[in-house]
Amino acid sequence: MRRKRFYIALAMLACAFYACSKIEPGFISDNIRYVNGIIFVQRGMAYVASDRIEADGSTPPYTYKLSNLRDKTTGEPAPAAFYANYDVLMFKEGMVFNAQTDTTVELLNAKRHTVSTTPMIFNESSGQFVFNRASANLPLGNYVFDIEMTNPHGTKLFKNMGEISIVEPTVNDMFQVTYQAATGSSTSEVFTSIAAPQVTCSKIGNDGARVILKIVDKNGVPFNPAAGEVIKRGDRPTFESHVKFNPVVVTDTALICDYEVAPFPLTNYNDGVTDWGYLIYYRIPKEFAIIDGLLNNNVNPVFGFRLLMEGTYIVTIRLPAVTRLRR
């Protein structure tokens with residue numbers, strides 16, 4: 001009997017504890033947070049966004065207020081550039097780019113307008129930071145900030161809630177490889193997989209918006225597009241399929257495209273039948289190349305990439321199993 005009373009008392013104690021610890025309306029947790037405590041901002045990028053704040057069970061509705069953004073080292077207020085307005089060219093609301101129909105700069109500009117905006121926008125509903133191209137004006141450095149959270153219960157200040165690190169973007173930040181593959185093909189169109197191309201990028205200037213595309217053999221020797229060593233492959237998308245503002249310039253070492261606006265490609269290429277994504281197809285006729293262990297075959301590189309910032313870049317497609325034949 002004593003044991004039964006003991007268990008009853010223990011159960012009542014547990015219920016009392018649960019009642020005391022459950023979340024009441026208006027609760028603000030002490031443990032709200034950003035999943036990633038440091039927000040890295042590659043300045044000048046078209047779009048950089050942080051996580052939302054994890055509210056940790058706090059009772060909605062709630063709002064957040066950014067407070068005391070300051071230099072991490074000196075404690076001085078963040079530079080005025082964070083709050084100044086700059087002119088940024090953006091797509092109009094509801095407008096999207098179409099590579100099939102937006103074939104001139106004039107047609108592109110009809111879908112865009114200049115917006116006066118701060119480089120950093122703080123969303124008071126989610127706590128998310130969003131940075132735009134105007135972030136090119138922000139000084140490099142590390143900045144910390146506080147957050148005030150408010151709900152029906154009241155307001156709570158969270159000191160040193162997070163850190164913003166303004167960094168110079170690297171090529172890896174600006175360049176994404178989305179696909180790489182290659183085949184050999186005989187005269188009768190029998191295809192054989194070969195080593196995938198190696199797709200690399202180097203930035204050679206901040207001005208303009210230009211890609212210099214080079215397809216090279218395993219020794220780094222470029223194929224000559226002007227001499228017919230790099231040709232289109234049937235109805236598959238090529239370099240110029242993704243942007244038609246300016247004609248692709250063909251030289252003896254490269255294909256050169258002025259793409260006008262980043263990211264490039266801006267959207268997937270869809271010809272109305274197939275969504276090709278960012279894919280680019282070319283063929284090197286067998287007269288100009290030999291594949292290791294596979295004679296008398298054309299070379300068919302397929303690759304995809306994206307550039308996320310304007311500038312001048314060399315994109316190199318190296319074919320590790322192919323040697324150029326000199327004619």
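**Exercises on a predicted model**

In strand S13, the residue bridged to Gly 184 is Thr 192. The structure is a predicted model, and the exercises below start from this pair.

**Exercise 1.** Determine in which sense S12 and S13 pair, and how many residues lie between them in the hairpin.

*Solution.* Begin with the strand limits: S13 covers residues 191-193, and S12 covers residues 175-185. Next, consider the pairing, which is antiparallel and runs over three bridges. Finally, examine the connection: the two strands form a hairpin with five residues between them. In its turn, Glu 189 has a positive phi of about 65 degrees.

**Exercise 2.** State how many bridges join S12 to S22, and which residue of S22 stands opposite Ala 182.

*Solution.* Strand S22 comprises residues 298-307. S12 and S22 run antiparallel and are joined by 10 bridges. Opposite Ala 182 stands Pro 301 of S22.

**Exercise 3.** Describe the interface of domain 1 and domain 2, and identify which side chains meet in a salt bridge.

*Solution.* First, locate the domains: the assignment gives 24-83 + 118-167 as domain 1 and 171-324 as domain 2. Six residues from domain 1 and seven residues from domain 2 make the contact. Second, consider the area: about 440 Å² is buried between the domains, and carbon and sulfur atoms give 56% of this. On the side of domain 1, Gln 42, Met 45 and Arg 133 lose the most area, together 76% of what that side buries. Third, turn to the salt bridge: one is found across the interface. The side chains of Arg 133 and Glu 310 meet in a salt bridge at 3.5 Å, N to O. Two residue pairs are also in polar contact across the interface.

How values were computed:
Residues numbered from 1 in each chain as written. Predicted model: local features only at pLDDT ≥ 70, side-chain atom pairs only at ≥ 80, totals over all residues. Heavy atoms only, no water. Domains from an automatic or database assignment. Contact = heavy atoms within 4.5 Å. Buried area = accessible area lost by both parts, 1.4 Å probe. Salt bridge = Lys/Arg side-chain N within 4 Å of Asp/Glu carboxyl O. Polar contact = N/O pair within 3.5 Å; in protein donor to acceptor, adjacent residues only side chain to side chain. Pairing = 2+ DSSP bridges. Helix = DSSP H or I, 4+ residues; strand = E, 2+ residues; numbered from the N terminus.
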